[in-house]
Amino acid sequence: LKFRALNSSVSAPTPAAPPPVPVAPAVVASAMAKEIKGSLVSLSKGNVAKFDDSGLNKVKYYAFFFSARWCPSCRKFTPSLVEFYNRIKPQHAEFELILVSRDRTEADAEKYMQSHPLPWPAIKFADIKSKAKITGYMGPGIPCLVFVDEEGAVLSDSYVNGKYVGPGKVMQDIEAKLTKR
């Protein structure tokens, strides 16, 4: 008997495709990160410059500080907030404090940032009016500090049921939340 190769026209098998390489999930910016991205400035060598907001996707908590150079209570409170930030921020990349100036001019807002000097970023003066979501957090007076999560839910406020409790209470709440284990 002679055997004839069946399907002799079939070529060698094609190797299976390698398994897909896992891809890291895309980092999705939170609602607050999207709201402020591209609108922040900070002090750089004593001058106000664009803030590097590439790390905002890691931030889970924000505090918005509504303040102004013309406000004596704000100027009195600001050094304690600077001390607080300088103590808390290095251990908590998941937190950022942001100035929302209530000054009347950009020059006054910049002088205020430089006078203490403020180690945290600020919303660019020209962009403040377009940030209704953020300015909507502000109470009827300043200084006002509002602590929110990454989606914008208020966690603590200088005003409770319309009564001014002050930014010191908010600082305590921030510290308690960030150091909670």
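This report describes strand S3 and its surroundings in a predicted model.

The model is predicted, so that local features need pLDDT of at least 70 and side-chain atom pairs count only at pLDDT 80 or more, while totals for chains, interfaces and linings use all residues. Residues are numbered from 1 along each chain as its sequence is written, and side-chain values use heavy atoms, with hydrogens and water left out.

Strand S3 comprises residues 61-67; helices (H or I, at least four residues) and strands (E, at least two) are DSSP runs, numbered from the N terminus. Seven of the seven residues of S3 are buried, a term that means under 20% relative accessible area, with exposed over 50% and partly exposed in between (1.4 Å probe, protein chains only). In a regular strand the side chains alternate between the two faces of the sheet. In S3, both faces are covered: one side holds Tyr61, Ala63, Phe65 and Ser67, and the other holds Tyr62, Phe64 and Phe66.

S3 pairs with two strands, as the table shows; strands pair if DSSP finds at least two bridges between them.

| Partner of S3 | Bridges | Direction | Residue opposite Tyr61 |
|---|---|---|---|
| S4 (residues 95-101) | Seven bridges | Parallel | Phenylalanine 95 |
| S6 (residues 144-149) | Six bridges | Antiparallel | Aspartate 149 |

Seven bridges thus join S3 to S4. Between these two strands the chain passes through helix H2 (residues 72-88), forming a right-handed β-α-β crossover; right-handed means that, with the strands pointing away from the viewer, the path from the first strand over the helix to the second runs clockwise.

The largest nonpolar core has 49 residues, of which Tyr62, Phe64 and Phe95 touch the most other members. H2 gives the most to this core, with seven residues. Such a core is a set of buried Ala, Val, Leu, Ile, Met, Phe, Trp, Tyr and Cys residues joined through side-chain atoms within 4.5 Å. Leaving aside neighbours within four places in sequence, phenylalanine 64 is in contact (heavy atoms within 4.5 Å) with residues including Met32, Ile98, Tyr137 and Cys144.

Serine 67 also lies in S3 and is buried, with a relative accessible area of 0%. With neighbours within four places in sequence set aside, the contacts of serine 67 include Cys74, Thr78, Asp103 and Tyr112.

Cysteine 74 is buried at 0% relative accessible area, and cysteine 144 is likewise buried, at 0% relative accessibility. The whole structure contains zero disulfides (pairs of cysteine sulfur atoms within 2.5 Å). For cysteine 144, the nearest cysteine sulfur belongs to cysteine 74 and is 9.6 Å away.
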